[in-house]
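Reader: I would like to learn how to read a ligand site and a pair of aromatic rings. Could we go through an example together?

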Amino acid sequence: MEAAVRRKLVAANWKMNGSSAANAQWVAAWRAVKAPCEVAVCAPFVYLPQVGAGLAGTSAELGAQNLSEQAPGAFTGEVAGEMLLEVGCRWVIVGHSERRAMYGENSELVAKKAARAVALGLKPIVCVGETLAERDAGRTLEVVGTQLAAVLSLCPVEQLASGALAYEPVWAIGTGRTATPAQAQEVHAAIRAQLARADTQAAQRARILYGGSVKPGNAGELFAQPDIDGGLIGGASLAAAEFAAICAAAT
Ligand code: PEP
C-alpha cells in the first residue's frame, strides 16, 4: 500500500499563560510569518475570541486546551464544545498530562471528551504519554497503549485522524529534557501500529505529534522521523518568533 502523505502540524499550547497585551503582541508578530505546515494555536478559554480575531487571515487555526464531555447544561465551570465552535475553534487539546495528573482526568473521561469533540466536528489533539517511573520500569509502550485503547474504544481511527494524537512523555514536558528522536520514533511507530490494527488506511493518514521540550534547535531532527508528523509545543510557543522557528522546521 502506498504511504499516505501527511502534512505536518505544529500546535501551540499556551497553557495558563497570556494577557490581552501579550496576546496582541504575539498575533501581531505571527501575522508576518509564513508557516510551511498546518498550525493550531490553543489559547486559554477567555482569550479565544481575541486570539481568533488576531489569527484571522493567517495560516493558523484557533484551538482550545480542554472541553467538557457534556452537552451544554448545568455543569458549573465547564466549557462545552458547542461554545468553542461558536468562538471559532477548530482544534481542542484533550487529555493533556497536566489535566490527567492535576485535575483527575482518567482515560475514560479523556475518551469521552475526544468523542464529544469529533461528534461536534472539532479536531481533537489527544495526548498520551508515560511518566519517568513508568519509562524506567520499561512500561512505556504498555502505558501509552492502554491510554490509546481507551480512546479507540469510543472513537474510530478515522475520526481521530481528523485531528491528531500527541505523544508527550510526561518527563519531557516543561523540563528541558527531550526524548531523543529514536525514543520518540519508537513510541510513535507503536502508536501507528496500534491504530493500524483497527484501521490500516486511516492509521496511515493519522498525524502523531511529539510534545516535550521541543525547541527550534531540536525540532528538525524530531520532525524528520518517519512517524513524527509535527509537534505540540508548550513553553517555546509563548514567543511567536520561537514558535515560528519551530514551524519552519516542519517541512
Ligand atoms: C506541552 O505542555 O504540551 C508541552 C509539550 O510543553 P513543553 O513544550 O513546555 O515541554
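Reader: Which pocket does the ligand sit in?

Author: On a 1 Å grid over the protein atoms alone, a pocket is an open set of points with protein on both sides within 12 Å along at least five of seven lines. A molecule sits in one if more than half of its atoms lie within 2 Å of its grid points. Here the ligand sits in the second largest pocket. This is a predicted model, where local features need pLDDT of at least 70 and side-chain atom pairs count only at pLDDT 80 or more, while totals for chains, interfaces and linings use all residues. Residues are numbered from 1 along each chain as its sequence is written, and side-chain values use heavy atoms, with hydrogens and water left out.

Reader: Which residues come nearest to the ligand?

Author: A residue is near if one of its heavy atoms lies within 4 Å. Of the 14 residues around the ligand, the nearest are Lys 15, His 96, Glu 168, Gly 174 and Ser 213.

Reader: Which polar atoms lie close to the ligand's oxygen atoms?

Author: A polar contact is a pair of N or O atoms within 3.5 Å. A polar side-chain atom of His 96 is 2.8 Å from a ligand oxygen, a backbone N or O atom of Ser 213 is 2.7 Å from a ligand oxygen, and a polar backbone atom of Gly 235 is 2.8 Å from one.

Reader: And how do I read a ring pair?

Author: It is described by the distance of the centres and the angle of the planes. Rings of Phe, Tyr and Trp (its six-membered ring) pair if their centres lie within 6.5 Å; planes under 30 degrees apart count as stacked, over 60 as edge-to-face and the rest as tilted. The whole structure has five such pairs. Trp 26 and Trp 30 are stacked, 5.5 Å centre to centre with 20° between the planes.

Conventions: Polar contact = N/O pair within 3.5 Å; in protein donor to acceptor, adjacent residues only side chain to side chain. 1 Å grid on protein atoms, 1.4 Å probe; cavity = no way out; pocket = protein on both sides within 12 Å on 5 of 7 lines; lining within 4 Å.
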